[in-house]
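Here are my notes on the model, as numbered points. They take up a domain pair first and a pocket second.

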Amino acid sequence: MSHPTSRRTFLKLGAGLSAAAALAACAAPVPAGDAGAAMPETVELRLTFWGDLADMPTWNWGIEQWKDERPDIQIKWENTPWGEYWTKLQTEAVADNLPDVVGMVSMFSQQYIRQGSLLSFQSYIDAEPEVDVADFWPANMLAYTWQDEIYAFPYDLSTVLPIYNKSMFLDNGVELPIGDWTWDQFQETCIALTQDTSGDGNTDQWGWLMPNLASWTIDIPLSTNGARFVSEDGLKCLLDTPEAIETIQWLSDLRHVHQVSPTIAQQGDVPLFESGRAAMHWGNPERVQTIASRVGPARDNENFLWDVALFPMKTQPGNSVQGGSFAIGATTENPDQSWEFVKFYTSGPILEEMVAKPSRGIPGRASIAQALITDENPEHQQYFLDVLEYSISTFIPAFAQVTAVLAKYMDEIMINNEPAAAILPQAVEEIDPILIETA
Amino acid sequence: MATSAPAWRSPANWLGPEYRNPARRREIRAAFLFLLPNVVGFLIFMVGPLLASLGFSLLDWNLLSAPDMVWLGNYLELFRDAEFWRSLRATFYYLVGSVPLGLVLSLALALALNQRIRGIRFFRTVYFIPVVSSMVAVALMWRWMYNPTSGILNYMLNETFAFLRLPLRAPDWLQSPVWAMPAIILMSVWKGMGYNMVLFLAGLQGIPRHLYEAAEIDGASNQRQFWTITLPLLTPTTFFVLIMSIIGSFQVFEQAYIMTQGGPVRSTVTTVYYIYENGFEWHKMGYASAVAWVLFALILGVTLIQWRTQERWVFYE
């Protein structure tokens, strides 16, 4: 015989079950008991990064090595998409909930260092002279140094080079860009390879996929004319110098006068380079890896031979360098363990396998950089390393805000076809106060 | 000497005479108990942040370093801030473009789908699908459609221009400071049309049938019936749709964030996008809060004006 449950009984039961569930959730972890007491204490480090699934096999290889090395220090790897990663990290900094190990990049590192979010490595470095800090590429270490203390170890560096469709060059009888070349030669090459192949009046094949330059990459063309985005002390925007104006106007002319480069919207979401509709693109070693995964190897490829070239110069060779690193959150409860992990994860043998050999990037350590040069990579992959000698960088705390302002003025030039000489002084006028305020 | 409690301390004085009835009293207590989680949540997650942001708006603070009290400094600064005014203009452009268009199209759609034809439920469902679709997916789909070289929209436009022998080319939608905002408006109207359509459909079905029958007997044409019966009796629905659409337009963000990132030339940086930039990208939380409160005042002002003017054009049966 069934008894209908009264409303009161039902509510009591419901409240009781909810309370029990809440109490269970609050319960302390069960101790490991006698057997557990003999085991070394296991620590879990939270590591945040912006990688995606395609990246993970590379990173996981290093994590597997770490597990063998220190099974007592486990890594909880948390990925967040790049766009949201920095918002999330800043929010965690505000909430005093920074991860133990922080994925960092050189263009934002000064902001996090100066706001006190990262732990200085200096006491560890001083105590362990066997850690070869001098092996990290010096130019990039400026990004991770503040008041003579180091706050991160780089895992990779990026220089950026034109990547070209060698088959298209050969088919069109255009000279291959090997060694130094000039802006004029680059422009002539682009004009020769921009074509209306279908004869419908529309361009189907472009000379160069000019990327969005409102970022650190703006230093690349600027440096080839002796100019730079921001002064070395980070206090003055230098876009109003005659050399900078000449460089940006040249880039604008490539799009608007010579019409050899599509707009960002025309480039769209279809990879024009990989689909054989652009003679040149540009990218870092990671981009080389991506292109290889899409069109096949650079050298042993029947349909699509490709290679990398130096960026063309006006008065001097130039390039820019930025990169990724691992730092330690200032609020970590496990600083020693985090240090042990970062030290291991950015050591030579690990970076060689994890970063250099798969062309994930130029490895953070100079001593193993040659591992980036393999027969599977483009013939002139060495250029990525060669340009480090003269690459320049911009490391400023308000990078995001400054590049947002830069984007507005670059759009005026690159989309609205306004003259660089009229626009860039306005950009300087708006950027300079931000640089000074946030220095 | 014992003194009696102040009058306001006794629930009976502010809950009325019913509180003196023990059974009713138990019920009232139970009601408060059940309301408590919601009220606590409202206080913690709504009122708390609101008051906090009002306090933040008086500070120069990046949330990490020590805050500086600037009192009304942020408010004064934003009146001199060209970027703030630019964002306000972009928001009004979006509002003026999307609200009337969305209103007219959703009403037209509701009228069309208020007919007794086969498969009407299917069509209603189809037009409602964009409403329940993720904004991210919709924005990405429209980005492909807007692609100047491989997008279907420009393909169709250019084919049409060629067929009509017009010397025109379809625009470079999302890379043009002139066309980026219209492109966002078009996508937003398409996405939100189904929701307003359902509201209008409910309004249409609430109009008494006998009014149309009387009008038919008097010989009124369909057009006359629409202007003298349908439209006036739909005004309560139209009023609701208008208020909600205007508030929604003031808060537009995701479309610009996904499709254009505020560009080109910051032509699609709306006020909420500007709040996001200041607060979460540049970490100027005090300034972002001040912009948010000015936006709130604007929305409140516009809504109040609408509310006050409703008696002139809204007809309740």
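1. In this predicted model, zero salt bridges are found across the interface of domain 1 of chain B and domain 2 of chain B. The count depends on a cut-off: a side-chain nitrogen of Lys or Arg has to lie within 4 Å of a carboxyl oxygen of Asp or Glu.

2. The two domains of chain B are assigned as 7-56 for domain 1 and 78-313 for domain 2. Their centres, taken over C-alpha atoms, are 38 Å apart. Each side brings four residues to the contact: four from domain 1 of chain B and four from domain 2 of chain B.

3. About 360 Å² is buried between domain 1 of chain B and domain 2 of chain B, and carbon and sulfur atoms account for 69% of that area. On the domain 1 side, 86% of the area buried against domain 2 of chain B comes from S53(B), L54(B) and F56(B), more than from any other three residues.

4. Turning to the pocket: the second largest one holds about 1,200 Å³ of space. Its lining has 41 residues, and those nearest the centre are Q401(A), E437(A), T438(A), W282(B) and K284(B).

5. Both chains contribute elements with two or more residues in this lining: α5 (106-114), α17 (399-414) and α18 (420-438) from chain A, and α3 (73-80), α4 (82-112), α12 (271-281) and α13 (285-313) from chain B. The largest share, six residues, belongs to α18(A).

6. What is the make-up of the lining of the second largest pocket by class? It has 17 nonpolar, 14 charged and ten polar residues.

How values were computed
Residues are numbered from 1 along each chain as its sequence is written. Chains are lettered from A and ligands numbered from 1 in the order in which they are written. This is a predicted model: local features need pLDDT of at least 70, side-chain atom pairs count only at pLDDT 80 or more; totals for chains, interfaces and linings use all residues. Side-chain values use heavy atoms; hydrogens and water are left out. On a 1 Å grid over the protein atoms alone, a cavity is a set of points where a 1.4 Å probe fits but cannot get out, and a pocket is an open set with protein on both sides within 12 Å along at least five of seven lines; lining residues have an atom within 4 Å of a point. Grid points are joined across faces, edges and corners, and a volume is the space filled by probe spheres set on the points. Helices (H or I, at least four residues) and strands (E, at least two) are DSSP runs, numbered from the N terminus. Ala, Val, Leu, Ile, Met, Phe, Trp, Tyr, Cys and Pro count as nonpolar, Asp, Glu, Lys and Arg as charged, and the others, Gly among them, as polar. Domain bounds come from an automatic or database domain assignment. Contact means heavy atoms within 4.5 Å. Buried area is the accessible area (1.4 Å probe) that two parts lose on being put together, summed over both.
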